[in-house]
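Here are my notes on the two-chain model you sent over, point by point. Have the structure open while you read.

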Amino acid sequence: MGLSTHDLAAFPASFPDGAYSIRLKNACADKAVEFPKVVPMDFACKIAAQAGAGVMVTGRLLVRCFSRGGYNVVGYPEYPSLIRGGHNTVQVRISDKPVSSPSEKQDLLIALNKDAVFYQMPSMSKGGAIIYDELIDIGKFPKRADVNMYPLPLSKLTQEAGGTEQMKNMAALGASLAMIRYPFDVIEHLIRDEFGRKGEEVVKKNIDAAKAGYNHVKSSHFDSKWDIKPLRERKQLVITGNEAIALGALRGGMKFYAAYPMTPASSILHYLVENDRAFNIVVKQTEDEIAAINYAIGASFAGARAMTGTSGGGFALMVEALGMAAMSETPIVVVISQRSGPSTGLPTWTEQGDLGFAIHASQGDFPRVVLAPGDVQECFYLSAKALNLAEKYQVPVIVLSDKHLSETIFSTELFNQAKAKIERGKIVEAKDLAPLPQMSRWHRYALTEDGVSPRTLPGTPNGEHVASSYEHDQTGFSSESFIMRSKQVDKRAKKMELLLKEMAEPTIYGPRDAKIAIVGWGSTKLAAIDALAILEKAGVRAKFIHFTHVYPLDPKIVKKAFRGCKVLIDVENNSAAQFAQVVKESAGAEMDFHILKYDARPFFPEQIAEEVGKLAKNEFKGEKRIEVVEKEDMEYYNTQRYGL
Amino acid sequence: MMMAEITVMDFNAKERPQWCPGCGNFGIMTALRSALAELGIPPHMSVISSGIGCSSKMPHYVRTYGFEGLHGRSLPVASGIKLANHKLNVIAEGGDGDGYGIGMGHFQHIMRRNYDLTYIVHNNQLYALTTGQASPTTQLGVKTKTTPYGVVETPFNPIASAILGGATFVSRAFAGDTTHLKEILKQAMKHRGFALVDVMQPCVTFNKLNTYEFFTKRCYKLEEQMPKHDIGDRSVALEKAFEPEKTNYEKIPIGVFYKTERATYEDTLPQIKDKALVEYDVSDVDISGAYEDMI
C-alpha cells in the first residue's frame, strides 16, 4: 500500500508544507501530548446537503477521482434516517500514505445548501475553505475568521451549462477540484464511465456542469493554498465493506442470497441483485427476515452455497432458524451489519453492539463461528472463508460488520482471487453410495470421529434422509433416546476443536515489541491503525492487536498475542466492552483500560490517539473506563432544532 | 442404467408413524405415497419440507428427501430448495396452525410468487400436538382449551384466500377419501405453479365436531357437479369457497376449485433456464468482471 520514494518525488515540490499540520494540531489542541504533523499529505474535503441532493453520488465520484490519481482514499458517509431533508455528508479523505478512516475535521467543504454551512462550520480545519452557492443566505450563522468562504454562482453556472438544478452538485464538484488544482480530465473520464450507460446527452450535461464550476473557479484566481496533482496511474478498487462482502461471497461460490431490506445491510442485497445474471446466482427479497434465513437454509440443504444478510433487528427474527441450521447441520452464513441498538435504535449510525448477541443467539448448545472483518480486504476474504467454514463444518457462521465498515467507501488494491479457495467438505456423490435396504434411510447424522457427518444432497439416489430440527438418530428420525441425544450433542460439539484450528491469530500492527497494546476487533481497526501513526509521531510507542476471528477464541492464541504487553487498552464501539468480556471468558485475560464510544459515530483516529496519549502521559494510572463522546453535538435528523 | 419401476413400496419407511390410531394423517400419508408412485417420481427426486406439528412428521413416513424445520416455516424452506434445484419435486406440508397461523405471512406471499411446488395443509381445525387449542380454522362457537366460551374469531377461509391471493391451483380434499385425495395430489404435483391442497383431516383425539362422520355426510365432489364446475372461473370458485360458511357447514365442496396458468417464478430467472443453481461449478468463480464499475 505504501508509496515508494519515487512516488513521493512526483509530488509537487511547491506543496505548502504547513498546510496540513494545522488541521491535526487543531484537532489535538489542549491535549496531554503534543501531536506534530503526521503525514506529508493528508487532505479531507466534505460534500454536504439535504438528503436527495446527490451527496452520496458526488462523494463516490470524488473518491474514485482521487483513487485514479493514485491516492489512498476514504469516503465516509453520514446521513439521518429519512429520505428528503435532514443533513447528508460524505467526507473524502485522501493521502499519499495508507489511510483507513475519516478524520475529525475537513479542509474543504462543498456546501450544497445553507444547513451544510451551519452544520459543518465547527468541524472545519483552521485555514479551511467553504464553497457554497451565492444564493444561500448565511448571514445569521456564526462565522470563523480562520475559514475562507467562497460564494459561487453554482445554480447560475449549472443553468448556463444547460443542466438542471439537480446537477448543481456536478458544478460544485468541478469547482472543488479547481480549488485544489486537480486536473479536470480525471473527472471528465470518470463521468463518462459513470454515466456512459445513460447515454451521451446525460454524459455531456454532467461534464458541462462540472466544467462550468471548474472553469469559474480557475478563472477567478482564488488564493487557494492547495495544489493536489495525481501521483500516478493506479488501478485500485473503490469499494464499500458491503460490496466487498458481496464480492467475497461470489468468489466463495455463493449461489443463493435471500434478505429483507434493512439498513445498513441493504447494499449487499442491492449489489448482488444487480449482478445476479452476470454471476448466475439467485437473489430473493423475502417477506421478512424469518423467511430470508429459512429460504437460505432450504437452498443450502439442496446444495447451493447460501447466505443471508441483515442488521441486529432482522437477526433477532432469524434466531430460531439459526438454531435450526445448527441442529439440522445445514451450512448457513449470516451477515450482520450492526447499527446502534437496541431495537430500532439509530438506523443509519454505527455500533459494535451485537457481538454478544451473535455469539449467544439461540436456545441450546452448539458450535458456531463469528468473523469480524476490519477493512474491505478482510470483508472479501472472510466472507469467502465464512462460506467454506459453514459448509466444511455444517455450522452457522456469522460475519459481523457495522454501518461504518459496510457503507464507507475505500480505495484498495485488487483482491487476490487465488487466496480465496473453495473447500466444500464432506459431500457424498451418487457413485459412492450403495443401494439402501428397502424402507430405510441413509445415515445423514452418522456419529463420526471428528463430529462432521458426510451429507448427501437431494436428487442423489440412495442418500434419502430427513434433515431435522428435532433431536434425531443417525438417519435423521426424531429420537428421544437419552444416549443418542448425548451422542448427537457431543458429535456437534466436537466440531469446536476443528473450528478452533481455523481461527486465525490476531494481526499486530505497529512495532511488535511495543509494551502498549491497543486491542480491538472488526471495524475499530480503521481508526486504530491511523491512530498508531499519530501516536508514533508523538513519541508514544504502541501497537494494535486486531482480532477478526472473534469467536470461538483459542486461549492459546490470545495469550500469545498478549505476551510481552505491559498494558492492554481495549477499544470498542460499544458501551459494555463486549469483546473484552469474550476475551475474559475464553482466555481469562483482563484488559487494563477500555476506551469506549457508543454515541453512534465511529472512532476518529484523533480520539483514540488522544485517549491513549493521555493514558501514557499519566503513566497508565486512572479510570479503567474511558468514554469518548463527540464534543460537537450536531444532530442531522432534526434540523429544526437549530432553527433551520 | 435401467430404472426399476417405481412402486408404493419405494416410499414406505420402516418407522411407525407416531399418530393416534385413526388419525386423518394416515389417509394423507397413504395417498401421498401412492400419488408419488403413480407419477413415477423416484424417491430421491422429491423433497418434503414440513413445519412442526402432528402433520409435519410426514417427511419421516414418506421415504423421499425431507426437511423437518420450524413451526410455520415449511414454505420458505421449500422455496429455497426449489430455487436452488428446480428440477426437484418439492412438497411443503404442515397443519392449519402451522400454515394459516404462525406461517400465514409466508402463505400469502408464496401465492404471489407462484413457485412450482405443492403445499399440503393438514387442516384439522385445531392445534393437536399442543393438545387441542383453537386454530385459525376452528369453527365459530367451538369450545377448546383456549376458547372455554367458544371461538369468537371469524374462521380463516384458506380456499377463498388462495383464489384471491394468486394461487394457480386451489383444491380441497378429505383425508377419509384417500382415492380422491390421491388424484387431487397427483394433479397438484403435475400442475406447473403453486398448488394448494387443503385437506380436511379429522383429529380423533381433540376435535369432537369435525369427525369422519361429519365430513362424510357433508363433503361432495366438485367434479361430479351438474352442471360441471368450471375450474377456470374465479368468481364461481370463490362462490364455492364460501359454501361451507353459507350453509352452516352443511355442504362442503371438495376437489379442484380453481386452476389457471401463469409463469412460475423460476420461469422468470434466465440464470436457471438451462441449469439448476446447484449444477453450477463454484470451485473457481472469477469476479474480476465486476471490477469495471469500481475503478
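1. Starting with chain A: its secondary structure comes to 20 helices and 22 strands. Keep in mind throughout that this is a predicted model. The C-alpha trace of chain A spans about 90 × 65 × 50 Å along its principal axes. Its radius of gyration is 26 Å, and since a compact globule of 644 residues would come out near 26 Å, the two agree.

2. On packing in chain A, 57% of the 644 residues are buried. If you take contacts between residues at least 6 apart in sequence, 76% of them join residues at least 24 apart.

3. Chain B has 9 helices and 8 strands, and its C-alpha trace spans about 70 × 45 × 40 Å along the principal axes. With 295 residues, a compact globule would have a radius of gyration near 19 Å, so the 20 Å of chain B agrees with that. Buried residues make up 54% of chain B. Of the contacts in chain B with a separation of 6 or more, 70% are between residues 24 or more positions apart.

4. Now the cores. The largest nonpolar core has 271 residues, and Ile131(A), Phe256(A), Ala296(A), Ile569(A) and Val612(A) have the most contacts inside it. Helix H14 (residues 376-393) of chain A contributes the most to this core, with 11 residues. Apart from it lies another core, of 9 residues, which includes Cys23(B), Tyr127(B), Ala134(B) and Cys203(B). As a general reminder, nonpolar side chains tend to be buried together in soluble globular proteins.

5. Ile131(A) is a good place to click. Leaving aside neighbours within four places in sequence, Ile131(A) is in contact with Leu109(A), Ile110(A), Ala111(A), Tyr150(A), Leu152(A), Ala172(A), Ala175(A), Ser176(A) and Met179(A).

6. Then look at strands E8 (residues 254-259) and E9 (residues 282-285) of chain A: they run parallel and are joined by 4 bridges. Between E8(A) and E9(A) the chain passes through helix H10 (residues 266-274) of chain A, giving a right-handed β-α-β crossover. Across from Ala258(A), in E9(A), stands Lys284(A).

7. Which residues of helix H19 (residues 578-587) of chain A are buried? They are Gln578(A), Phe579(A), Ala580(A), Val582(A) and Val583(A). Among the elements of chain A covering them are helix H13 (355-360), helix H18 (555-562), and strands E17 (516-521), E19 (549-551), E20 (567-572) and E21 (593-596). Just after H19(A) comes Gly588(A), with a positive phi near 70 degrees.

8. On to the interface, where the contact takes 60 residues from chain A and 53 residues from chain B. On the chain A side, at least two residues each come from strand E7 (237-240), helix H9 (241-251), E8, E9, helix H11 (289-302), helix H12 (312-328) and strand E15 (466-468). H11(A) gives the most to that side, with 10 residues. Sorted by class, the side of chain A that touches chain B has 32 nonpolar, 17 polar and 11 charged residues.

9. Last, there is strand pairing across the two chains. E15(A) and strand E2 (residues 65-68) of chain B run parallel, joined by 3 bridges. If you want a pair to find on screen, Ala467(A) has Phe67(B) as its bridge partner in E2(B).

Key
Residues numbered from 1 in each chain as written. Chains lettered and ligands numbered in written order. Predicted model: local features only at pLDDT ≥ 70, side-chain atom pairs only at ≥ 80, totals over all residues. Pairing = 2+ DSSP bridges. Right-handed = clockwise from strand over helix to strand, strands pointing away. Core = buried A, V, L, I, M, F, W, Y, C linked by C-beta atoms within 7 Å. Buried ≥ 20, exposed ≤ 12 C-beta atoms within 10 Å, placed from the backbone. Contact = placed C-beta atoms within 7 Å. Nonpolar A, V, L, I, M, F, W, Y, C, P; charged D, E, K, R; others polar. Rg over C-alpha atoms; globule rule 2.2 N^0.38 Å.
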